[in-house]
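I opened this notebook to keep track of what I looked up, entry by entry. The topics are cysteines, helix packing and a few single residues.

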Amino acid sequence: MTILGMCRPFRDTWDRASERCFRCFPCLSDPARRSSLGLKVALVILHLIYVGVLFLFDNDLIEKTKKEPWYTTIYLLLFVATVAQYFFTSGSSPGYVLDAMRAANETDAIFRKASTTSKQPASSKNGNYVITVDGSQSGKNPLGSNATSWTKLVMDMYPPGSSVRTWTCTYCNVLQPPRAKHCHDCDKCVLQFDHHCVWLGTCIGQGNHCRFWWYICEETALCLWTGILYISYLKANISRAWWMDAIMIVLLVTLSISLIFLLLLLLFHSYLVATNQTTFELVRRRRIPYLRGIPERVYPFSKGVCTNLYEFCFARSSIYRMEPLPSAQELEIKSRPYTCLDVLTCRCC
């Protein structure tokens, strides 16, 4: 009891300090956000340790910086760009179905008003419904104001005779377009759901998959360059201070493990981009209803490598791109093996 009585003032002081901190920073009141913020801070500190130890121990690198400042400048720019890309990706939206639904309702209302004067119907391009979101008008109309437009838009992407209940999310009660999935961590349905990244604290989907790929690419390049600098230091200074060498070797081993993981992750997502797939579709292919009867070597949403890369890299973030399920005729064409004539006519592209 005496020990508890002595600790009680410190506990009360800690509680008051925590309440003041939560008032100044409301985002910290959520335990999930606190853990995500702690992970981001730890990741930045880890980057600073790897780079700081290198500049602290390696005198040859400092001398090289004085003679060739461009070399170190490019390295530090890559370091800053990688950290910035990490925060940029973690703060980006993966493309939620609710936002696309709101955009569809607002777009339909705008076209209805415009049709009374110009009589120009909403258009679709190459089978992909294009919904442009105007930031100044987003969120003005409630979701239920024109739910039938979203239902018609989504059901047109499924085969005739499909039931609305089959494609309605059981958690948020929203009609999901093809390739969408409910994320239990975010508690929202995500367009072209890939996976929920714990390191970023957000889902990876249609809206930020490209940014995620660029982050992996930059992180891999930074990790590789840092590993080369570590190896160069050990070759030149292996017989000096043993404790410095031990620290560098331990850091180099962990860096090598991270590099292997990043390289495999980069190759894996590059393959997904080239074939227009997601991690969820690849791993759970047999459990997804619209992919069960399709052979594993057939990529139903692929439009060719070049077109897939173009849409992945240059698709505007203000457009929700929803792809309808391919017809049986299209699947039959995609299942045919490639011939020399197909290569000459760039069918694979």
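**Entry 1: cysteines**

I began with Cys313, which is partly exposed, with a relative accessible area of 37%. I keep in mind throughout that this is a predicted model. How far is the sulfur of Cys313 from the closest cysteine sulfur? I found that closest sulfur in Cys210, at 5.0 Å, which is too far for a bond, because a disulfide would need the two sulfur atoms within 2.5 Å. For the structure as a whole I noted zero disulfides. I also looked up Cys203, and there the relative accessible area is 0%, so I entered Cys203 as buried.

**Entry 2: the chain overall**

I then turned to the protein chain, for which I wrote down twelve helices and seven strands. Of its 349 residues, 37% are buried. When I took the contacts with a separation of 6 or more, I saw that residues 24 or more positions apart account for 64% of them.

**Entry 3: α3 against α4**

Two packed helices are described by the angle between their axes and the distance between the axes, so I looked up both values for each pair. For helix α3 (residues 59–67) and helix α4 (residues 69–90), the axes come within 5 Å and cross at roughly 110°. I therefore recorded α3 as roughly perpendicular to α4, because angles of 65 to 115 degrees count as such. On the α3 side I listed Leu61, Lys64, Thr65, Lys66 and Lys67, which meet Pro69, Tyr71 and Thr72 in α4. Sorted by class, this contact has three nonpolar, two polar and three charged residues.

**Entry 4: α4 against α7**

Next I followed α4 to helix α7 (residues 209–237), where the axes come within 9 Å and cross at roughly 145°. I noted this crossing as left-handed. The α4 residues that make the contact include Tyr71, Ile74, Tyr75, Leu78 and Phe79, and among those from α7 I picked out Arg211, Phe212, Trp214, Tyr215 and Trp225. By class I wrote down 15 nonpolar, four polar and three charged residues for the contact of α4 with α7.

**Entry 5: α7 against α8**

I stayed with α7 and looked at its packing on helix α8 (residues 242–275), for which the axes come within 8 Å and cross at roughly 150°. That makes α7 roughly antiparallel to α8, because angles over 145 degrees count as antiparallel in this sense. The crossing of α7 and α8 is left-handed, and I entered its contact residues as 21 nonpolar, eight polar and two charged.

**Entry 6: two charged residues**

Is Glu281 buried or exposed? I found that Glu281, which sits in helix α9 (residues 279–283), has 5% relative accessibility and so counts as buried, the cut-off being under 20%. Leaving out residues up to four places away in sequence, I listed Arg179, Asn276, Ile288, Tyr290, Leu291 and Phe301 as the residues that Glu281 touches.

I closed with Arg321, which has its place in strand β7 (residues 319–322). Its relative accessible area is 18%, so I entered Arg321 as buried as well, again because the cut-off is under 20%. I also looked up the pair Arg321 and Gln192, which lie 129 residues apart along the chain while their C-alpha atoms are separated by 9.4 Å.

Methods. Residues numbered from 1 in each chain as written. Predicted model: local features only at pLDDT ≥ 70, side-chain atom pairs only at ≥ 80, totals over all residues. Heavy atoms only, no water. Axes fitted to C-alpha atoms, helices over the stretch in contact; angles between N-to-C directions. Helix = DSSP H or I, 4+ residues; strand = E, 2+ residues; numbered from the N terminus. Parallel < 35°, antiparallel > 145°, perpendicular 65-115°, else oblique. Contact = heavy atoms within 4.5 Å. Nonpolar A, V, L, I, M, F, W, Y, C, P; charged D, E, K, R; others polar. Left-handed = near helix turned anticlockwise from the far one by under 90°. Buried < 20%, exposed > 50% of the residue type's maximum accessible area, 1.4 Å probe, protein only.
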